[in-house]
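Open the model in your viewer and keep the selection box handy. We will go from stop to stop, and at each one you will hear what to select and what is there.

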Amino acid sequence: MKQGKRRIIPWFYGTLFLILFSGGAYAHAFPVRSSPEVGSTLATAPRSVTIWYDSDLNALFTKMTIKNGAGQVVSESSHVSAHDRRKLTALLQPIGPGRYTVYWSAVASDGHHTEGHWPFTVQ
């Protein structure tokens with residue numbers, strides 16, 4: 001009986017290790033670039049905000065909202081491009097000078113969730 005346990009214990013811990021630490025193989029969608037760029041100051045107001053990610057997005061659960069300095073939403077609903085599953089775009093209402101914050105929430109095609117926010121300014 002002791003010999004059987006000696007074989008099972010290393011197998012058990014090896015399997016447990018693989019389960020706990022193999023999560024790095026899964027993809028998370030992180031922004032790789034944006035328009036306007038993070039923290040940028042623009043001379044003219046953009047008509048939209050676009051974020052490109054490093055992996056395909058789940059269009060059903062990925063979204064972006066842009067708010068002005070007073071916290072009011074100034075964007076229309078966002079959408080993942082049908083031609084580029086790594087591209088998320090939101091159209092903007094006409095905006096004037098001020099500081100704006102882009103809030104994004106992305107779900108990768110494998111179900112992993114990431115989110116964040118960043119500012120841009122219109123002069």
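How many salt bridges does the structure hold? The answer is one, and this is our starting point in what is a predicted model. Select Arg86 and Asp56: their side chains meet in that salt bridge, with 3.2 Å from N to O. The pair links distant parts of the chain, 30 residues apart. Arg86 is in the loop between β5 (75–80) and β6 (87–92), while Asp56 is in the loop between β3 and β4. Are these two buried or exposed? Arg86 counts as partly exposed because its relative accessibility is 36%, and Asp56 counts as partly exposed too, at 35%.

Stay in the loop between β3 (48–53) and β4 (63–67), and select Thr62, which lies there as well. With a relative accessibility of 5%, Thr62 falls under the 20% cut-off, so it counts as buried. Now show the polar atoms of its side chain. One lies 2.8 Å from the backbone oxygen of Asn58. On the Val107 side, look for a distance of 3.1 Å between the backbone nitrogen of Val107 and a polar atom of the Thr62 side chain. Leaving aside residues up to four places away in sequence, Thr62 touches Leu57, Ser78, Val80, Leu88, Ser105, Ala106 and Val107.

One of those neighbours is our next stop: select Ser78. You will find Ser78 in strand β5. It is buried, with a relative accessible area of 18%. A polar atom of the Ser78 side chain lies 2.9 Å from the backbone nitrogen of Met64. If you skip residues up to four places away in sequence, the contacts of Ser78 include Thr62, Lys63 and Met64, along with Leu88, Thr89 and Ala90.

Met64 leads us to the core. The largest nonpolar core has 22 residues, and Met64 is among those with the most contacts inside it, together with Val49, Tyr53, Ile66, Val102 and Phe120. Colour the strands and look at where the core residues come from: β3, β4, β6, β7 (98–107) and β8 (113–122) each supply at least two. Which strand gives the most to this core? It is β7, with four residues.

Pick Tyr53 from that core and show what surrounds it. Among the residues Tyr53 touches, not counting those up to four places away in sequence, are Phe30, Pro31, Trp104 and Arg86. You met Arg86 at the salt bridge.

Next, select β2, β8, β7 and β4. In that order, these four strands form an open sheet with mixed pairing. β2 (41–42) and β4 stand at the edges with a single partner strand each, so one side of each has no neighbour in the sheet. Zoom in on β7 and β8, which run antiparallel and are joined by 10 bridges. Where is the bridge partner of Val107? Look in β8, at His113.

Finally, zoom out to the whole chain. There are one helix and eight strands, and the helix comes at the start of the pattern, α-β-β-β-β-β-β-β-β. Of the 123 residues, 32% are buried. Turn on the surface as a last view: its accessible area comes to about 8,200 Å², and 56% of that belongs to carbon and sulfur atoms.

Conventions: Residues numbered from 1 in each chain as written. Predicted model: local features only at pLDDT ≥ 70, side-chain atom pairs only at ≥ 80, totals over all residues. Heavy atoms only, no water. Buried < 20%, exposed > 50% of the residue type's maximum accessible area, 1.4 Å probe, protein only. Polar contact = N/O pair within 3.5 Å; in protein donor to acceptor, adjacent residues only side chain to side chain. Contact = heavy atoms within 4.5 Å. Salt bridge = Lys/Arg side-chain N within 4 Å of Asp/Glu carboxyl O. Core = buried A, V, L, I, M, F, W, Y, C linked by side-chain atoms within 4.5 Å. Areas by Shrake-Rupley, 256 points an atom, 1.4 Å probe, with all protein chains shown as cover. Pairing = 2+ DSSP bridges.
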